[in-house]
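Dear colleague,

I am handing over the structure below, and after it you will find an account of what came out of looking through it. Please keep it open beside you as you read.

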Amino acid sequence: MTHDSSAPGPGPSARIDTNVPHSARIFTYWLGGKDNFAADRDAGDRFRATFPEIVDLALIGRQFLQRTVRYLAGEAGIRQFLDIGTGLPTADNTHEVAQAVAPESRVVYVDNDPLVLVHARALLNGTREGATDYLDADVHDPEKIITAAARTLDLTQPVAITLLGILAHVADYHEARSIVTRLMDAVPSGSYLVVRDGTDTDQAYAEAIRGYNASGAVPYHLRSPDQIAGYFEGLELVEPGVVSCPLWRPDAGSPDAPQNAAVLGGAGRKP
C-alpha cells in the first residue's frame, strides 16, 4: 500500500468553502452520506425538487462503477486503475471492487476537492498485495495526473481510466475530448476507458442542472449522446456500447432499474 507524499497535509480543510455547494458532497448527500454542508444539502434538495429521479441516478451511477470495475478486473484482466474525479468515499469504491476480484490490483484516485483529500485515508486502505494512492490534481491537467500516477502504476502495462461524472465539468467539449485523448495516449494498447456523464435529452434534468449551475458550484455541462459516444473515438467499444447506465451489463437477476437516458455510460478498449 502506498501514499502520495506530495499531497498537502493540514492545509486542505482551510480551503473548503462551506458556503459553495460541491458536486462530490451533493452526490454523497443524495446517497445518504454525512460529509456535506448546508449549502450542499440546499442545492441537492432544490435539484431533487426539479428532478426527483436524481437519487435513483446517483445510485445507478455507483452500480455502474461497480459493474465496470468487476468486468475490468475479472473478464478483462486489468490490474491497474486510474480513477479521475473519484469524489468522497462511499461503499464499494474502485479499489475495494477491483481488489476483491484481484487483490494485487493497483488503484490511483484523483480529485481536487479539499474535503476528499481530508478523507483520503479512508480511500487508502487497500490489500497488502496491491497498492492504493491518492492524487490532489485537476482533470484539466492530464499530464500532471499521468506523471504523478506513474509513481504507483506501471504505464508500460494496461491501465483502466475511469472518468465518471467528471468530463461534464469541463466547459469546452473539444477540451474534454483533448483531455481524454491525452490520457489514453499515455497508456499502452490493451488499456480501457470508462465514461459516465449526463445528457441533454431530459428537459427536467436540464432544468435542474441550470439551477445547480446558478448556485455558484463548478458548472456541469450536459452533452448530447453523440458527444458522449465521441469520447470513445478510436477505441473498441465493449458491448453493449454507450448506453443508459442500467443497461450496461446488468447483474443477472438484478431488479429492473429506471432506464433514464439522462445518464449514459460505456467502456472502450485501446487497440
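Which residues of E1 lie on one side and which on the other, and are they buried or exposed? Gln80, Leu82 and Ile84 are on one side of E1 and Phe81 and Asp83 are on the other, and all of them are buried, with both faces of the strand covered. That pattern of sides fits what is expected in general, as the side chains of a regular strand alternate between the two faces of the sheet. Strand E1 comprises residues 80–84, and five of its five residues are buried, so the strand is largely enclosed by the rest of the structure. Please bear in mind throughout that this is a predicted model.

To place that strand in its setting, the chain has 271 residues, of which 52% count as buried, and it contains 10 helices and eight strands. If one takes the contacts between residues at least 6 apart in sequence, 73% of them join residues at least 24 apart.

The strands around E1

Strand E1 is paired with E2 (residues 106–111) through five bridges, and the two strands run parallel. Within this pairing, Gln80 stands opposite Arg106 of E2, and Asp83 stands opposite Tyr109 of E2. E1 also pairs with strand E4 (residues 160–164), again in the parallel sense, over four bridges, and here Leu82 is the residue that stands opposite Ile161 of E4.

Strand E2 in turn is joined to E3 (residues 131–136) by six bridges, and these strands run parallel. Arg106, which faces Gln80 of E1, has Ala131 as its bridge partner in E3. Five of the six residues of E2 are buried, so E2, too, is largely enclosed by the rest of the structure.

The helices that meet H2

Helix H2 (residues 38–50) meets helix H1 (residues 23–30), and the axes of the two come within 9 Å and cross at roughly 65 degrees. The two helices are therefore roughly perpendicular to each other, and H1 passes H2 in a right-handed crossing. On the H1 side the contact is made by Arg25, Ile26, Tyr29 and Trp30, and on the H2 side by Asp40, Arg41, Ala43, Gly44, Asp45, Phe47 and Arg48. Sorted by class, this contact has five nonpolar, one polar and five charged residues.

Helix H2 also meets helix H9 (residues 203–213), with axes that come within 8 Å and cross at roughly 155 degrees. H2 and H9 are therefore roughly antiparallel to each other, since angles over 145 degrees count as such. This crossing is right-handed as well, as H2 passes H9. The residues of H2 that take part are Arg46, Phe47 and Thr50, and they meet Ala204, Tyr205, Glu207, Ala208, Ile209, Gly211 and Tyr212 of H9. By class, the contact of H2 with H9 has six nonpolar, two polar and two charged residues. Phe47 of H2 appears in the contact with H1 and again in the contact with H9.

Points of detail towards the end of the numbering

Some features of the backbone may repay a look of your own. The peptide bond that leads from Glu239 to Pro240 is cis, with an omega near 10 degrees, and Pro240 lies in the loop between strand E6 (236–237) and strand E7 (243–244).

Strand E7 includes Ser244, and this residue counts as buried, at 6% relative accessibility. The C-alpha atom of Ser244 is separated by 5.0 Å from that of Ala261, although the two residues are 17 residues apart along the chain.

In the loop between E7 and strand E8 (263–269) lies Arg249. Arg249 has a positive phi of about 45 degrees although it is not a glycine, and it is partly exposed, with a relative accessible area of 30%.

With best wishes

Conventions: Residues are numbered from 1 along each chain as its sequence is written. This is a predicted model: local features need pLDDT of at least 70, side-chain atom pairs count only at pLDDT 80 or more; totals for chains, interfaces and linings use all residues. Side-chain values use heavy atoms; hydrogens and water are left out. Axes are lines fitted to C-alpha atoms, for helices over the stretch in contact, and angles run from 0 to 180 degrees between N-to-C directions. Angles under 35 degrees count as roughly parallel, over 145 as roughly antiparallel, 65 to 115 as roughly perpendicular and the rest as oblique. A crossing is left-handed if the near helix is turned anticlockwise from the far one by less than a right angle, and right-handed if clockwise. Contact means heavy atoms within 4.5 Å. Ala, Val, Leu, Ile, Met, Phe, Trp, Tyr, Cys and Pro count as nonpolar, Asp, Glu, Lys and Arg as charged, and the others, Gly among them, as polar. Buried means under 20% relative accessible area, exposed over 50%, partly exposed in between (1.4 Å probe, protein chains only). Two strands pair if DSSP finds at least two bridges between them.
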